[in-house]
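Reader: I should like to examine how the terms applied to this structure are justified. Please set each value against its criterion.

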Protein chains: 2
Amino acid sequence: MAVTAQRKPSKTRRIEIKKTALDIIYSEGLKKLSTHHLAAKAGISEGTIFRHFNSKKEIIGSIVKDVKAMLVTRLHDIAMQDTAPDKRLEDFICYHMQYLKENKGITILLFTEASYQNNKELKEELDEIFHLQQKYFSKIILDGILDGIWSSDISTESLASLYMGIPIILNIEINLNPVFKHDNFCYQMLTLILKALKK
Amino acid sequence: MAVTAQRKPSKTRRIEIKKTALDIIYSEGLKKLSTHHLAAKAGISEGTIFRHFNSKKEIIGSIVKDVKAMLVTRLHDIAMQDTAPDKRLEDFICYHMQYLKENKGITILLFTEASYQNNKELKEELDEIFHLQQKYFSKIILDGILDGIWSSDISTESLASLYMGIPIILNIEINLNPVFKHDNFCYQMLTLILKALKK
DNA sequence: TATACAAGTAAGTAATCACTTGCAAAGATA
DNA sequence: TATCTTTGCAAGTGATTACTTACTTGTATA
């Protein structure tokens, strides 16, 4: 019979709201992400949400921004390391999968929101995230081909396209199959990619 | 200044409504698929939609049923042919891509609706479609391995998972890149898969 | 030609949506 | 202690949602 939520600084409350939003997306679906339901799950009133965000759109925009800061820059760093390409490829894929495993609502948000809403700015953000990931992946592959460890008669572009399907598949499998063994997943995918790259 | 839509038998009208729904999903996003907007685009009144379908849910359910009848059974037939596995693989992938190219709203509907709505029956239907496609794909791969034309040291299951990412990627690329050259796409993907399968 | 049914409409319905308003009170600073 | 800013809430707002109701009209068949 809570009367009023504990007062917290906006910075903290924003993080809580975004975390709750991802929980809802992952466990109940995007449709349940109403401001009413989000407030209830976060233990605050609906009005309080709009004290910390100007709009619902801004909440999603802020989450996307977090992904760029946390995931995309890390993938960039991995791709640009001066270690061997096969080592970088492993780090890249495994970090990518681990991040998505630990932030389970992200994939649904990125791919569903873009095709559900018709928000132009959001679409452009997602487009950028998508193609940056492809670009960093391609960088590693091209380095490996230049180093002579991988076959050059492969379309790097196609392989990068194929790679981008993996996060989505991971998510669908997790969603449909509750006992999905995520741990092997990144190494299984790595093995397949290495096989395709073999000279 | 049309007063009343032309009278058509329910069978015809249902097809028109479903076609219009897919057009909206593809070109305007799932959010714009309201019964109000759907009726306007189909050139009928909102009430007429409910003359031919009991609910909006039933429209989507009927489209999913069409996919099972048109796409899934065709993929089954291709997988079960007694031609060479590499021929079947080519037919399988190219028919799959062609179907999705000609029915552009389907992929968004299948993958977005499942994570947007929390409709249990729909989720089970989509689960079935997803895993049947994986199963038929795996059948071809296993036949090729048994015939000795492809390497046996590959996880058929992993490859089938990887394969299922392709339709989604195709859709995202088409959406983000208006001048995407779909024609090469299925052969590029086929090449990569064959490379991974090489002995 | 009379009748019955199928297919159409306009104008509703309650529920839900994102968001606003006006006010109370906690916490920091003077 | 007095003041000011920030964070909270209850109770709204109009717009939109899927769907219903009551009624009209085209068309096939007796």
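Author: The model is predicted. A suitable starting point is A:E173, which, leaving aside its neighbours within four places in sequence, is in contact with A:F180, B:F130, B:H131, B:Q134 and B:S161. A:E173 is found in helix 8 (residues 156–176) of chain A.

Reader: Why is A:E173 called buried?

Author: The relative accessibility of A:E173 is 6%. Buried means under 20%, so A:E173 counts as buried.

Reader: What makes B:L30 count as buried?

Author: B:L30 has 5% relative accessibility, and the criterion is under 20%, so B:L30 is counted as buried. B:L30 is found in the loop between helix 1 (10–28) and helix 2 (35–42) of chain B. Residues up to four places away in sequence not counted, B:L30 touches A:S115, A:Y116, B:I25, B:T112 and B:E113.

Reader: How far apart are B:L30 and B:L109 in sequence and in space?

Author: In sequence B:L30 and B:L109 are 79 residues apart, while in space the C-alpha to C-alpha distance is 7.6 Å.

Reader: Which residues have the most contacts inside the largest nonpolar core?

Author: They are A:L89 and B:L89, in a core of 136 residues. Not counting residues up to four places away in sequence, B:L89 touches B:F137, B:I140, B:I141, B:W150, B:L190, B:I193, B:L194 and B:L197. In soluble globular proteins, nonpolar side chains tend to be buried together.

Reader: How do you know what relation holds between chain A and chain B?

Author: A turn of 180° and a shift of 0.0 Å along the axis lay chain A on chain B with an RMSD of 0.1 Å. That is the relation of a two-fold axis.

Reader: What makes you say that the copies meet through the same surface?

Author: Of the interface residues of chain A, 100% are also interface residues in chain B, so the copies meet through the same surface.

Reader: What makes the pair formed by A:T48 and DNA strand D a polar contact?

Author: A polar side-chain atom of A:T48 lies 2.5 Å from a phosphate oxygen of DNA strand D. The limit for a pair of N or O atoms is 3.5 Å, so the pair qualifies as a polar contact. A polar backbone atom of B:T35 is 2.8 Å from a phosphate oxygen of DNA strand D, and a polar side-chain atom of B:E46 lies 3.2 Å from a base nitrogen of that strand.

Reader: Which residues are closest to DNA strand D, and which helices supply the surface near DNA strand D?

Author: The closest of the 22 surrounding residues are A:R7, A:R13, A:T48, A:R51 and A:H52. Helix 1 (10–28) and helix 3 (46–52) of chain A, together with helix 3 (46–52) of chain B, each supply at least two residues of that surface. The residues near DNA strand D divide into five nonpolar, 10 polar and seven charged.

Reader: What are the corresponding details for DNA strand C?

Author: Among the 25 residues around DNA strand C, A:K56, B:R13, B:T48, B:R51 and B:H52 come nearest. An N or O atom in the side chain of A:K56 is 2.6 Å from a phosphate oxygen of DNA strand C, and a backbone N or O atom of B:S10 lies 2.7 Å from a phosphate oxygen of that strand. Of the atoms of DNA strand C within 4 Å of the protein, 58% belong to sugar or phosphate and the rest to bases.

Conventions
Residues numbered from 1 in each chain as written. Chains lettered and ligands numbered in written order. Predicted model: local features only at pLDDT ≥ 70, side-chain atom pairs only at ≥ 80, totals over all residues. Heavy atoms only, no water. Core = buried A, V, L, I, M, F, W, Y, C linked by side-chain atoms within 4.5 Å. Buried < 20%, exposed > 50% of the residue type's maximum accessible area, 1.4 Å probe, protein only. Contact = heavy atoms within 4.5 Å. Near = heavy atom within 4 Å. Polar contact = N/O pair within 3.5 Å; in protein donor to acceptor, adjacent residues only side chain to side chain. Helix = DSSP H or I, 4+ residues; strand = E, 2+ residues; numbered from the N terminus. Nonpolar A, V, L, I, M, F, W, Y, C, P; charged D, E, K, R; others polar. Least-squares fit on C-alpha atoms with pLDDT ≥ 70 in both.
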